[in-house]
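Student: Could you take me through one part of this predicted model slowly, looking at how its pieces pack together? I would like to follow each step of the reasoning.

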Amino acid sequence: MTYTHSITVPLSWNDAVQNTREALSEQGFGILTEINVRATFETKLGTEAADAVGDYIILGACNPSLASRALAAEPSLGALLPCNVVVRRGPDELETTIEAIDPQTMVQLSSNPAVREVADEADTRLHTALARLSKTQK
């Protein structure tokens with residue numbers, strides 16, 4: 001079972017992160033959280049662990065209207081929010097990988113038709129954001 005949508009782009013780390021933020025914003029997603037995995041590993045586990053993971057951030061993306069509809073339909077879905085988007089680049093890679101959670105994962109955990117509708121719309125928006133990124137090259 002796949003649980004993410006993934007693309008790899010020939011962008012620098014900084015360009016990939018900035019373009020990901022912009023593509024998500026164009027689809028109505030704001031960034032609620034940002035976890036810099038490399039920095040956390042550096043602090044908690046040391047330089048070797050940080051270097052092994054490379055550049056790696058997790059963006060907690062949220063589309064407020066979709067989140068509102070999902071929580072109204074099933075309040076426990078808050079445990080699955082926000083939609084995580086990973087931007088990662090290993091130490092020896094020349095490209096950057098961007099992965100977004102597949103919202104259909106929520107549908108597998110809930111039989112609520114309203115949740116399916118929200119997941120379908122979120123999926124369309126995330127696919128559109130990734131498609132925009134796949135066309136961006138610098």
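**Two helices and their surroundings**

Tutor: Let us begin with helix α4, which covers residues 64-73, and helix α6, which covers residues 113-135; these two pack with their axes 9 Å apart and at an angle of about 160°. Because an angle over 145 degrees counts as roughly antiparallel, α4 is described as roughly antiparallel to α6. The crossing that α4 and α6 make is a left-handed one.

If you now look at the side of α4 that takes part, the residues in the contact are Leu 66, Arg 69, Ala 70 and Ala 73, while α6 contributes Ala 114, Val 115, Glu 117, Val 118, Glu 121, Ala 122 and Arg 125. Sorted by class, the contact of α4 with α6 holds 7 nonpolar residues and 4 charged ones, with no polar residues.

From the helix pair we can turn to the cysteines, where a search of the whole structure finds 0 disulfides. It is worth asking why Cys 62 and Cys 83 are not bonded to each other. The closest cysteine sulfur to that of Cys 62 belongs to Cys 83, and at 7.5 Å it is too far away for a bond, since a disulfide needs the two sulfur atoms to be within 2.5 Å. Seen from the other side, Cys 83 is likewise in no disulfide, and its nearest cysteine sulfur is that of Cys 62, 7.5 Å away. As for their exposure, Cys 62 is buried, with a relative accessible area of 15%, and Cys 83 also counts as buried, at 10% relative accessibility; the reasoning here is that buried means under 20% relative accessible area.

Finally, let us look at helix α1, which spans residues 13-26 and contains Asn 19. Asn 19 counts as buried, at 6% relative accessibility. The C-alpha atom of Asn 19 is separated by 8.9 Å from that of Arg 132, although these two residues are 113 residues apart along the chain.

Thr 20 lies in helix α1 as well, and Thr 20 is buried, with a relative accessible area of 1%. Which residues does Thr 20 contact, leaving aside its neighbours within four places in sequence? They are Leu 59, Val 85, Val 87, Ile 98 and Leu 133.

How values were computed. Residues are numbered from 1 along each chain as its sequence is written. This is a predicted model: local features need pLDDT of at least 70, side-chain atom pairs count only at pLDDT 80 or more; totals for chains, interfaces and linings use all residues. Side-chain values use heavy atoms; hydrogens and water are left out. Axes are lines fitted to C-alpha atoms, for helices over the stretch in contact, and angles run from 0 to 180 degrees between N-to-C directions. Helices (H or I, at least four residues) and strands (E, at least two) are DSSP runs, numbered from the N terminus. Angles under 35 degrees count as roughly parallel, over 145 as roughly antiparallel, 65 to 115 as roughly perpendicular and the rest as oblique. A crossing is left-handed if the near helix is turned anticlockwise from the far one by less than a right angle, and right-handed if clockwise. Contact means heavy atoms within 4.5 Å. Ala, Val, Leu, Ile, Met, Phe, Trp, Tyr, Cys and Pro count as nonpolar, Asp, Glu, Lys and Arg as charged, and the others, Gly among them, as polar. Buried means under 20% relative accessible area, exposed over 50%, partly exposed in between (1.4 Å probe, protein chains only).
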